[in-house]
Each structure stands twice: as structure tokens, then as C-alpha cells.
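Grab a pencil and keep the viewer open. Here are some exercises to work through, each followed by a solution in steps.

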Amino acid sequence: MLFFLVSCLSFILLSKSLPLESFSSWAIEMRLLPVWFLKGLSSFFVSWSTRRRIMDGLLGIQFSAVMGVRRSSVSPKVENFEQREEMSLLDLPELALECILGKLPPSALCNMAGVCRPLRERCRSDHLWERHMKEKWGGVIGHAANQVRLAQIIASRKNDLLDQSKQKGFVAYLSRVWPFSWIKTKLYGCSKPRSSLPADSVISWYLSIEAGKFWFPAQVYNRENGHVGFMLSCYDAELCYNSERETFHARYPPHGRRTIVLEEDVQWDRIRAPPVDTLPHDLHVSDCLNDLRPGDHIEIQWRKNKEFPYGWWYGVVGHLETCDGVESRCLCHDRDTVALEFNQYSMGSQWRRTIINRKDHREEGNEANGFYGGIRKLYNAEEIAVWKELWPTQALE
């Protein structure tokens, strides 16, 4: 448009500088064309701007009227919606926020912890993760696993202190050689980055188990994939979780001259936390001998020879040979000896029955039949039910 106007003005000025006599009548008319064009163009712009202002005014009136009606009819809803948009999760009362976070699964808590710092601190709190630890790992994590974790935390802190002391000594030496203040900053900045999760936090422990980075002591029923020689027994092992298959790797201690035995894909229903703190090679102190009566369910330590660790074997208290088994006439609970029966073995098997002394029982047996150790009486119906579910389909020899 600007180029067109400049061209028109140039043409007008040029036409004024030429003599009128050298042109014919049609040239004179041609000189008047730019003037007519400019006049028409200015009239067009004036009318167009006038109509534009009129239309804008009418549209503004209509828009104001419509919005006024809408505000009068739905203004409470709009205000409430704006208020809801401005409210964040952190504006909730503390108790309500805790209840919401307490309902989240572990994966959602981890995602929520990445939103902001206040939520990160709340989502990583121990009291939230203690519930998840109990729900998922409470059946397999016991006192022994807690002791292993505590030892790892202490060792980690000692290593951190040792690294810090070495680092400070090295920095002090360099500061004497090159006395520049920025050296310390550079050296400390290049130190090994620490984990954002404290080593002693519950979430750190949970995630390390979930990732298979924590081997913990537990016990496995029917070890070595249900080997017939270990039916209805429970042996100590070190376990590591496999989250992809939702099973465990088991690492059994060596038996005599045998090397460490590894077993994969151990199912959840074959694992339990150790019910007592007795180590695999230690004799359990029996505190239930005077309470044993026929029909009671028990677990007893047994090992093939004294080089082997103990395993816990399931059995029941039976009647003595001098008793006819009638409950009203039974006096077995008053005798010094106790009959233990392992009914998973067939009649006549050397493993079917054994006798122990109630008064001074410690470890009894020989190299032929193995050695029987401490006894624990089963009072929990759930423990008894687990043993019954593991009962073999046919009698063992």
C-alpha cells in the first residue's frame, strides 16, 4: 500500500512540472486521476473505520449483556470452580492428607514423592512405610533380618565417617601446599554423591528388598524343590527377592562337605520368618517339655550328624506303649518320657517314632538315626495349618 501511494504522489508531482500546452485534453484528465483516486481512497478509509467502530460498539454491548446474564445465573458455580482450581493437595488439613497418603500403594507413594519437597518428606516418612513393610514382608522378615539390617547400617555409617576423615586429611594437606580456599570446595564437590534416601529409613529398606539388593535370613519349607529327604521340614537359608517373577532365591548353608546349595523360584507359601532366634547350628532350649500332652503339635530340631545344621521337623505327641490311648485313662503327661510321632513316614520306618526324656532332654540320637535337638510346641493354628498343607501325597519310607 505504501509503495502504491508513493508511486501516485510521484506521478502527480511529475505531471505538475510539465507544460500543459504539450498535452492534449485527455492528458489533462489523466492528471486528475491521482487526485480522484486519493479522494476516493480517503473516503473509503473514513467509512471503513466508522463502520468498524460502530460494529465493535454493538458487539461490545451484546457481549456485555450475554456475560451479564451468564454471571447472574452461574456466578456461584464459576467462583467455586475457581476456588477449587486454586486449592492444592497441601491445603488440606494434616489429618486428611495423612489419610490420603496412607491409602496409596508403594508405587504411588514413590511417584507422589517426586512432586515437591513437602510431599517428598511426607511420602518418605517411616510410619507410612512401616505398614507396607508389615503387609508385604511381615511374614518373611523377622528379628534375624532386622539384626542384619542394623549391622549394615552401622557398617555404612562407619564407612562414611572413615571416608570423611580421609577426605579432610587430604584436603588439609593440599591446603598447606596450595593455600587456595577454592580447593576445598572443588574437592568436596567431587566427593561421591550420597543417596537421597537415608540408610536407616524404612522406605530405603523396603526398596532394597524389592530390588533384590538385600539378602536376609529366613526359613524355607521342604527345601530343594520339595526333595523327598526334606519333606515336612523347614531349614534356615538366606533369601533374595526376584520382583520380576515374584519369587525368591534361596541360599542354604553347606551340609557337611557339601557346598552351598542354591534354589530358585521359591514361592511365598514356602517361606517364613524364623520363629525363634536360635542359630542353625545351636541347640534350642526347650521350655515346653512339661506341657507336652498326646495330640500336641510340635517342631523338633533334627540333623543327620553334628557337622550339619539343624532343621525344624513337624510331628505330634503320641501315647506311650504302656498307654491304651483312651483319654480318660491316659497318664502319659505324668511320665518322664515323651513319645514323638512323625506320621508322614510309613509304619515300620525308623523315622516314624522316637522317645525323649522330659526331665533332662538336650540332644539325643546317633549317627544312624540322626540327632534330635530342641522342641517348640505349636500353639498357633495358622502354623499347624501350614504344615498340614505341605503334607505329602503318599507316605514316606
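**Exercise 1. Contacts along the chain**

Task: Among contacts between residues at least 6 apart in sequence, find what share joins residues at least 24 apart.

Solution: In this predicted model, the share is 58%. For some background, the protein has eleven helices and eleven strands, and buried residues make up 33% of its 397 residues.

**Exercise 2. The buried side of H3**

Task: Find out which residues of helix H3 (residues 94-102) are buried, and what covers them.

Solution:
- Step 1. Go along H3 and pick out the residues with under 20% relative accessible area. You should end up with Leu 97, Leu 101 and Gly 102.
- Step 2. Look at how they sit around the axis. They cover an arc of only 135 degrees, so they lie on the same side of H3.
- Step 3. Recall a rule about helices: an α-helix has 3.6 residues a turn, so residues three or four places apart point the same way.
- Step 4. Now look at what covers these buried residues. The cover includes helix H4 (106-112), helix H5 (117-123) and helix H6 (126-137).

**Exercise 3. How H3 meets H6**

Task: Describe how H3 and H6 pack: at what angle, with what distance between their axes, and with which residues meeting?

Solution:
- Step 1. Start with the two numbers. The angle is about 30 degrees, and the axes are 10 Å apart.
- Step 2. Angles under 35 degrees count as roughly parallel, so H3 is roughly parallel to H6.
- Step 3. Add the handedness: H3 and H6 make a right-handed crossing.
- Step 4. List the residues that meet. From H3 come Glu 98, Leu 101 and Gly 102, and from H6 come His 127, Leu 128 and Arg 131. You've seen Leu 101 and Gly 102 before, on the list of buried residues in H3.

**Exercise 4. H9, from cap to exit**

Task: Is the crossing of H6 and H9 left-handed or right-handed? Then look at H9 itself, including its N-terminal end.

Solution:
- Step 1. H6 and H9 pack at about 35 degrees, with 8 Å between their axes, and their crossing is left-handed.
- Step 2. Check who makes the contact. H6 brings Asp 126, Trp 129, Glu 130, His 132, Met 133, Lys 136 and Trp 137, while H9 brings Val 202, Ile 203, Trp 205, Tyr 206, Ile 209 and Glu 210.
- Step 3. Now for burial: the buried residues in H9 (residues 202-210) are Val 202, Ile 203, Trp 205, Tyr 206, Ser 208 and Ile 209.
- Step 4. At the N-terminal end, Ser 201 acts as a cap, with a side-chain oxygen 3.3 Å from the backbone nitrogen of Ser 204.
- Step 5. Just past H9, you'll find Gly 212 with a positive phi of about 75 degrees.

**Exercise 5. Two residues in one loop**

Task: Is Tyr 310 buried or exposed? And what about Asn 305?

Solution:
- Step 1. Place Tyr 310 in the loop between strand S6 (297-303) and strand S7 (311-318). Asn 305 lies in the loop between S6 and S7 too.
- Step 2. Buried means under 20% relative accessible area. Tyr 310 has 2%, so Tyr 310 is buried. Asn 305, at 17%, counts as buried as well.
- Step 3. Look for polar partners. The Tyr 310 side chain makes a polar contact with the Arg 303 side chain (3.5 Å). For Asn 305, a polar side-chain atom lies 2.9 Å from the backbone nitrogen of Glu 307.
- Step 4. Look further along the sequence. Beyond four places, Asn 305 is in contact with Glu 367 and Phe 371. Tyr 310 has contacts there too, among them Tyr 235, His 281 and Phe 371.
- Step 5. Finish with that last pair: Tyr 310 and Phe 371 are 61 residues apart in sequence, and 9.0 Å apart in space from C-alpha to C-alpha.

Notes: Residues numbered from 1 in each chain as written. Predicted model: local features only at pLDDT ≥ 70, side-chain atom pairs only at ≥ 80, totals over all residues. Heavy atoms only, no water. Buried < 20%, exposed > 50% of the residue type's maximum accessible area, 1.4 Å probe, protein only. Helix = DSSP H or I, 4+ residues; strand = E, 2+ residues; numbered from the N terminus. Arc of directions from axis to C-beta. Contact = heavy atoms within 4.5 Å. Polar contact = N/O pair within 3.5 Å; in protein donor to acceptor, adjacent residues only side chain to side chain. Axes fitted to C-alpha atoms, helices over the stretch in contact; angles between N-to-C directions. Parallel < 35°, antiparallel > 145°, perpendicular 65-115°, else oblique. Left-handed = near helix turned anticlockwise from the far one by under 90°.
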